Amino acid sequence: MEDAIRRNLDAGKQTILLLNRRGYQTMAQCEDCREVLKCQKCSVPMVYHKSAHKVLCHYCGSQMEPPTVCPTCGGKLQYRGFGTQKAEEELAKLFPDARVLRMDQDSTAAKDAHEKLLAKFADHEYDIMVGTQMVAKGLDFEDVTLVGVLGIDSLLFAQGFRAYENVFSLITQVVGRSGRAKDPGFAIIQTTDPDNPVLNLAAAQDYDAFFEQEIAYRKLGLYPPFCGLCVIGFAGAKEIETARAAARFAALLGQQAAKQPDLPLRVLGPTPGSIEKINDTYRYKLTIKCRNDRRFRDLVRSALELYEQEKLPSKATVAVDLHSDGDI
């Protein structure tokens, strides 16, 4: 990729690099006990942002001075991983004469910053643009002849049945940014799994073959469009009460469903949310494969009424997503 970028610069052409992680380094891990530095309010790693010299939580916004020792055991913290800020710095070292533009939530926070920065890139005020998903969509620059996708694996192996669909969509979009004028375009995808069929179909922009593969997987696993997917989320201040409230709702739903044995239904869970705690609030979920029709919605409504009668909302609030991608 370095060689390709260098050739592109020598030819006076522009490059777009997609890295779907903002920040400088994505986590700090203790060399002794191997614990990862996590947000005290959320069950996610803190991310180091060099420009502010802070570690931030990308979910609740908490920030603090970067610690050097592990809060668990006092061992030395090792910062590793990379985000858009780190990529920007590395590009500056490799190509000191290149003008590098970073596009992420941090650099585009000001009003109209997104549009102004893109306009500058279009006017050739920058040679390389590195950014998160916002660099993938709807951009048309005739001098962009190289696209690089960095670290796509975190999305490829993400939770939710739409993970492959999201990766395919993102890569086909960003690959399509290259070679939109008379000059041919090239794309390089960085991955630990180069034989992955999703990546290869996305690189080839073979929509039909991806659809055939994905629709077979959805049918085998009983996922939309072969069923409806409803996720009922529970959020509360105490983990055990939240888990019990979710389990009680599942029991109430089961009792109501038993009165309609012909109603197709498969209830999974309750399980912790994909991120178990956000902003000191614990999250659990029920995933329901169903026929998302009036009868099912009436069933959920009756279970919600019973849940309320038992005064369980004081333990855990409920949110119903009738058209979920399975992640909450």
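Biologist: Which element gives the largest share of the lining of the largest pocket?

Modeller: In this predicted model, the largest share of that lining comes from H5, which gives six residues. The elements that give two or more residues to the lining of the largest pocket are H4, helix H5 (163-175) and E12.

Biologist: What makes the space of about 1300 Å³ a pocket, and what makes another space a cavity?

Modeller: The word depends on whether a 1.4 Å probe can get out, because a cavity is a set of points where the probe fits but cannot get out, whereas a pocket is an open set. The space of about 1300 Å³ is the largest pocket, and of the 35 residues that line this pocket, the closest to its centre are Asn20, Tyr59, Ser154, Leu155 and Ile275. A search of the whole structure for cavities of 30 Å³ or more finds one, and the largest cavity has a volume of about 40 Å³.

Biologist: How do you know which residues line the largest cavity?

Modeller: A lining residue has an atom within 4 Å of a point of the space, and for the largest cavity the residues that line it are Leu18, Asn20, Arg21, Val149, Leu150, Gly151, Ile152, Ser154 and Leu155. Strand E9 (144-150) and helix H4 (153-156) are the elements that give two or more residues to this lining.

Biologist: How does the lining of the largest cavity divide into nonpolar, polar and charged residues, and why is Gly151 counted as polar?

Modeller: The lining of the largest cavity has five nonpolar, three polar and one charged residue. Gly is listed among the polar residues in this scheme, so Gly151 is counted as polar.

Biologist: What makes Phe249 in H8 a buried residue, and Arg244 an exposed one?

Modeller: Buried means under 20% relative accessible area and exposed means over 50%. Phe249 is buried, as are other residues of H8, including Thr242, Leu252 and Gln256, whereas Arg244 is exposed on the other side of the helix, together with Ile240 and Ala258.

Biologist: Why are the buried residues of H8 said to line one face of the helix?

Modeller: Seen down the axis of H8, the buried residues fall within an arc of 165°, so they line one face of the helix. These buried residues pack against strand E11 (228-236), strand E12 (265-278), strand E13 (281-290) and helix H9 (294-309).

Biologist: How do you know that the reach of H8 is close to the expected value?

Modeller: Helix H8 (residues 239-258) has 20 residues, and at 1.5 Å a residue the expected value is 28 Å, while its reach from the first C-alpha to the last is 29 Å, which is close to it.

Technical notes. Residues are numbered from 1 along each chain as its sequence is written. This is a predicted model: local features need pLDDT of at least 70, side-chain atom pairs count only at pLDDT 80 or more; totals for chains, interfaces and linings use all residues. Side-chain values use heavy atoms; hydrogens and water are left out. Helices (H or I, at least four residues) and strands (E, at least two) are DSSP runs, numbered from the N terminus. The expected span of a helix is 1.5 Å times one less than its number of residues. Buried means under 20% relative accessible area, exposed over 50%, partly exposed in between (1.4 Å probe, protein chains only). The arc is that of the directions from the helix axis to the C-beta atoms. Contact means heavy atoms within 4.5 Å. On a 1 Å grid over the protein atoms alone, a cavity is a set of points where a 1.4 Å probe fits but cannot get out, and a pocket is an open set with protein on both sides within 12 Å along at least five of seven lines; lining residues have an atom within 4 Å of a point. Grid points are joined across faces, edges and corners, and a volume is the space filled by probe spheres set on the points.
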